[in-house]
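Please open the model in your viewer and keep the selection tool at hand. The tour moves from the whole chain to single residues, with a stop at each selection.

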Amino acid sequence: MKELDNELPFTHVHRDRYFEDYIAGEQHILGSAEVEEDAMVEYAKAYDPQDIHIDQEKAEAGVFGGVIASGWYTGALMMKLYAKHYLSNVSSLSSPGLTDLKWLAPVRGGDSLTTRVNILETRRSESKPDRGIVRTLIEVLNQDDTVVMTIDAVNLIACRSPEPRQ
């Protein structure tokens, strides 16, 4: 995976982010990654060996007209950018889960995928006030600005201060 554009203000890899830094309503671009066809196919051979992901001849005869990336591969490319440029090693505690994972359009070798996050909701935990809950809509877009994948994610993030923000 070749990363592009990853020196963006909110998302700088060395930035210490805490719950207070995630503001509902904000949107951030986390960067982009080139889809390398050989890596895409090798991933599918190891983890999702369906013909549409690994066999050019069979894939060309199918509904997509050629080999497409496994959705899990698309998710892995997104996750690297999400972990590196959205979460922070000083405050990311865990995730209780994801909902509404959708693969909306095929991804192919040579595509450039951009990960965009929309902070939907933030709230301090009532039972553990040293952390907050951040709900984020993650969108992956290709070079034509077509949304190819979406996820509704929830993360537990440590607070900078034990006192609620005013």
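What follows is a series of selections, each with a description of what is there.

**Before you start**

This is a predicted model, in which local features need pLDDT of at least 70 and side-chain atom pairs count only at pLDDT 80 or more, while totals for chains, interfaces and linings use all residues. Residues are numbered from 1 along each chain as its sequence is written, and side-chain values use heavy atoms, with hydrogens and water left out.

**The whole chain**

Show the chain as a cartoon, and you will find 4 helices and 6 strands, where helices (H or I, at least four residues) and strands (E, at least two) are DSSP runs numbered from the N terminus. Followed from the N terminus, the order of the elements is β-β-α-α-α-α-β-β-β-β. Of the 166 residues in the chain, 42% are buried; buried means under 20% relative accessible area, exposed means over 50%, and partly exposed lies in between, with a 1.4 Å probe and protein chains only. Among the contacts (heavy atoms within 4.5 Å) with a separation of 6 or more, 72% are between residues 24 or more positions apart.

**The largest nonpolar core**

Select Y82 and Y86 next, since they are the residues with the most contacts inside the largest nonpolar core, which has 29 residues. Two or more residues of this core come from each of α1 (37–47), α4 (71–85), β4 (112–124), β5 (131–141) and β6 (147–158). Such a core is a set of buried Ala, Val, Leu, Ile, Met, Phe, Trp, Tyr and Cys residues joined through side-chain atoms within 4.5 Å. In soluble globular proteins, nonpolar side chains tend to be buried together.

**Helix α4**

Now select α4, whose 15 residues reach 21 Å from the first C-alpha to the last, close to the 21 Å expected at 1.5 Å a residue; the expected span is 1.5 Å times one less than the number of residues. The buried residues of this helix are G71, Y73, T74, G75, L77, M78, L81, Y82 and H85. At its N-terminal end, S70 acts as a cap, with a side-chain oxygen 3.1 Å from the backbone nitrogen of W72. A polar contact is a pair of N or O atoms within 3.5 Å, where within protein one must be able to donate a hydrogen and the other to accept it, and residues adjacent in sequence count only if both atoms are side-chain atoms.

**Aromatic rings**

How many aromatic pairs does a search of the whole structure find? The search finds 5, taking rings of Phe, Tyr and Trp (its six-membered ring) as a pair if their centres lie within 6.5 Å, with planes under 30 degrees apart counted as stacked, over 60 as edge-to-face and the rest as tilted. Select Y43 and Y47, whose ring centres are 5.0 Å apart and whose planes meet at 45°, so the pair is tilted. Both residues lie in helix α1, 4 residues apart, about one turn of the helix. Y43 is partly exposed at 22% relative accessibility, whereas Y47 is exposed at 62%. Then add Y22, Y82 and Y86, which form one aromatic cluster.

**Salt bridges**

The search of the whole structure also gives 9 salt bridges, each a side-chain nitrogen of Lys or Arg within 4 Å of a carboxyl oxygen of Asp or Glu. Select E20 and R124, whose closest N and O atoms are 3.5 Å apart. This pair links distant parts of the chain, 104 residues apart, with E20 in the loop between β1 (2–4) and β2 (27–34) and R124 in strand β4. Are these two residues buried or exposed? E20 counts as buried at 14% relative accessibility, and R124 counts as buried at 15%.

Move on to R135 and E121, which form a salt bridge with closest N and O atoms 3.5 Å apart. R135 lies in strand β5 and E121 in strand β4, so the pair ties together parts that are 14 residues apart in sequence. R135 is partly exposed at 30%, and E121 is partly exposed at 31%.

D130 and R131 also meet in a salt bridge, at 3.1 Å from N to O. Finally for this stop, select E121, R123, R135 and D152 together, which salt bridges with shared partners join into one network.

**V107**

End the tour at V107, in the loop between β3 (92–103) and β4, where V107 counts as buried at 4% relative accessibility. Leaving aside residues up to four places away in sequence, V107 touches V35, M40, I68, A69, T74, L113 and V148. Select N142 as well: its C-alpha atom and that of V107 are separated by 7.8 Å, although the two residues are 35 residues apart along the chain.
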